[in-house]
Amino acid sequence: MAIPPNQPSPAPSLNPLRKPLVRVLLLTVICSLSYFLGFYKSITPTPPQSPLCLLHLKNLTTTHQNPPQPLNFEPHHSLSLPPKTQEDFFPFCPHNFTNYCPCQDPYRETQFNTSRFFNRERHCPKKNETLRCLVRDPAGYRRPFLWPKSRDYAWFNNVPFPRLTVFKKKQNWVRLEGDRLFFPGGGTSFTMGVKGYISEINRIVPLKSGSVRTVLDVGCGVSHECYCNLFFVINKLFNVLDVPILSAMPSYDRIATPGFLLIAWSSESLSSKNGKVDPNPVASFGAALMDYNILTMSIAPRDIHEAQVQFALERGLLVMLGILSVHRLPYPSRSFDMAHCSRCLVPWTAYDGLFLMEIDRVLRPGGYWVLSGPPINWRAHYKVWERTPQDLENEQQNLEDLARKLCWKKIKEMGPIAVWQKPTNHIHCAQKLKTWKALKFCVDADPDAGWYRKMDACITPLPEVNNIRDISGGAIEKWPKRLNTVPQRIRIGAIVGVTIRTFNEDNQWWKRRVSYYGSVLKSLFVGQYRNIMDMNAGIGGFAAALVNYPVWVMNVVPSDAKNNTLAIIYERGLIGTYMNWCEPFSTYPRTYDLLHADGLFSMYNDKCDILDILFEMYRILRPHGAIVVRDHVDMIMKVKGITDRMRWTGKVLHSERGPFHPEKILFIDNSE
């Protein structure tokens, strides 16, 4: 209808939505809000679980009712590919490499100087000598006994070394019973059994108080003096004859090649009553300390009495190959609450007291040093040891003098056991050293350096304090409170980027992550795994989340990591070591049930070939073990392509950060 003249036009509509531009803007805002809301929900973590849930298996394992489905990054096409052939898989190593330890190769030992036992340290293969094959299992290998039964029993076929059962027969340490080995807990110094021996120590050192959580047990496996003297004579003999030695270790099963002569002697021929051989079994001491909730790092070199370190790991005990020699032990300063030596026969006063100074470096302020065996209680045993009273008296006097120069206080000597205590600070010690003009403090700027760093004949200074009653570096809480208490090194800002807030957040994240792992690896919380390694441990959050389960975790901190966090791990009451993953680890094959690698391959991608790291993981993983790899999706797929060729079956899943985050997880589970 036409509008009559002289009448005003109708007012324009006041509804802004009728304008095209406004409608477009509104639609854009709604779409954006919907997108960000969905993205937020996918990445927002669920509220952190209460620590109490870690105490209840049912609550923890049912957090994820429906395990996520594996991701498929393979191209989708209709062409059928030919099945994989043997050429597509990596080859197996020869059978004689079943117990191969790359950095403790007995043949390689012969190429190094025997002075100060340097030949027995780590000597890893060169790049062109790296073994790129899959180490085989021994014939008849069976899944190890579950903990705690494994502490007392092991299948003989898993560690088939019969000579050790004969050699240790009189010590009541190991017996062969049918197809299994039984470990009663005896030993040369453990006349009342290892539990009785520790009860004697507990009368001097407060083992039950929670103040002692981490212990270093220095084993030997074979006497330094006996081994080196005998090896020196044989080495000289064959140098004269111009005949190279292939191996001086009967436990090594490599076959001699033309042009080499294999030298071996029986364990029985080295048995002696003079106290220079026949040491105590490796890690039995640490096994018994578990009853006190104490973690023990046992170290021993590869020995001629067969593989005692391998026996210990087979039993589910914490131990690694190592020796006091030229380089520092691979641990930070102020790590252990107690150090122990039972007939380890280390020449403590030799080389200007170098070895005892290394014990002092890794011992925490106020920590204890426990020594049993020669020369302690020599008056009662000098005839059995076939040594003169004067010789043993002089040896003990030299030891006492060295301990005084280290400012240690002798707590008590009771029967075969003597205990010293390190001072809580160096205020009085600094004054004494000025008067005595004997030992000096080290001027090393990094006392925590422990990877191929040579030892020095000096005292590692403790952090400065203002009062004689103060504890250098700060007081450490008793166990178990210290696990989740912020370590002193974090409080003072010693670690770049690690604060009190990030420490607490890390704890909560790892509780959730471990719960997630349990929804995928069904064997994680039911006792199938015992020996676990965290290959890039950070500040120990993964191990802390597993502390209430019957497992132990070797926390490995790469020596070339951006931050040296191993000292923090020890302050938490956990245990670990330094490592460069471009080299093999100091352990025997088939010694870990679960390997955890968080960001490890991205870290080493430009440093060495990650293929060698995966071959090493194959060597040390047990046949029924599992692997968890967290990394960028591109690296995850690269790793999976290699593990497929190793005959491992893996599946890739999203991390807890959701599908939009590039971090993914590769699970390899051979436990079924």
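Let us begin with two helices, α18, which spans residues 610-620, and α19, which spans residues 633-645. In this predicted model, their axes come within 11 Å of each other and cross at roughly 55°. That angle makes α18 oblique to α19. As for its hand, the crossing of the two helices is right-handed.

Which residues of α18 and α19 meet? From α18 come I610, L611 and L614. From α19 come M635, K638, V639, I642 and T643. Sorted by character, the residues of this contact divide into six nonpolar, one polar and one charged.

I turn now to salt bridges. Side chains of opposite charge can pair when their charged atoms come close. In this model the count comes to 30 salt bridges, and I shall present three of them.

The first for today joins the side chains of D609 and R132, with a distance of 2.8 Å from N to O. Where in the chain do D609 and R132 lie? D609 is in the loop between α17, residues 600-604, and α18. R132 is in the loop between α3, residues 106-109, and β1, residues 153-155. The pair therefore links distant parts of the chain, 477 residues apart. Both partners have some access to the surroundings: D609 is partly exposed, with a relative accessible area of 36%, and R132 is partly exposed as well, with a relative accessible area of 38%.

The next pair is R180 and D179, whose closest N and O atoms are 3.9 Å apart. The cut-off for a salt bridge is 4 Å, so this pair is counted. Are R180 and D179 buried, exposed or partly exposed? R180 counts as partly exposed, at 24% relative accessibility. D179 is partly exposed too, and its relative accessible area is 40%.

The last pair is R630 and E663, whose side chains meet in a salt bridge of 3.0 Å, N to O. R630 lies in strand β15, residues 621-632, and E663 in strand β17, residues 663-669, so the pair ties together parts that are 33 residues apart in sequence. Here the surroundings are of another kind. R630 counts as buried, at 0% relative accessibility, and E663 is buried with a relative accessible area of 12%.

With which other residues are R630 and E663 linked? They belong to a network of salt bridges that also includes R513, E656 and R657.

Finally, let us consider two individual residues. S298 lies in strand β5, residues 295-300. Its relative accessible area is 1%, so S298 is buried. Leaving aside neighbours within four places in sequence, what is S298 in contact with? The residues are D217, A283, L318, V319 and M320.

The other residue is R489, found in helix α13, residues 488-491. R489 has a relative accessible area of 6% and is likewise buried. Not counting residues up to four places away in sequence, R489 touches S333, R334, D448, A494, I495, A567, I568 and E571.

To close, I return to the buried residues. R630 and E663 are joined by a salt bridge, with R630 in strand β15 and E663 in strand β17. S298 sits in strand β5, whereas R489 sits in helix α13. I invite you to find each of them in the structure above.

Terms used
Residues numbered from 1 in each chain as written. Predicted model: local features only at pLDDT ≥ 70, side-chain atom pairs only at ≥ 80, totals over all residues. Heavy atoms only, no water. Axes fitted to C-alpha atoms, helices over the stretch in contact; angles between N-to-C directions. Helix = DSSP H or I, 4+ residues; strand = E, 2+ residues; numbered from the N terminus. Parallel < 35°, antiparallel > 145°, perpendicular 65-115°, else oblique. Left-handed = near helix turned anticlockwise from the far one by under 90°. Contact = heavy atoms within 4.5 Å. Nonpolar A, V, L, I, M, F, W, Y, C, P; charged D, E, K, R; others polar. Buried < 20%, exposed > 50% of the residue type's maximum accessible area, 1.4 Å probe, protein only.
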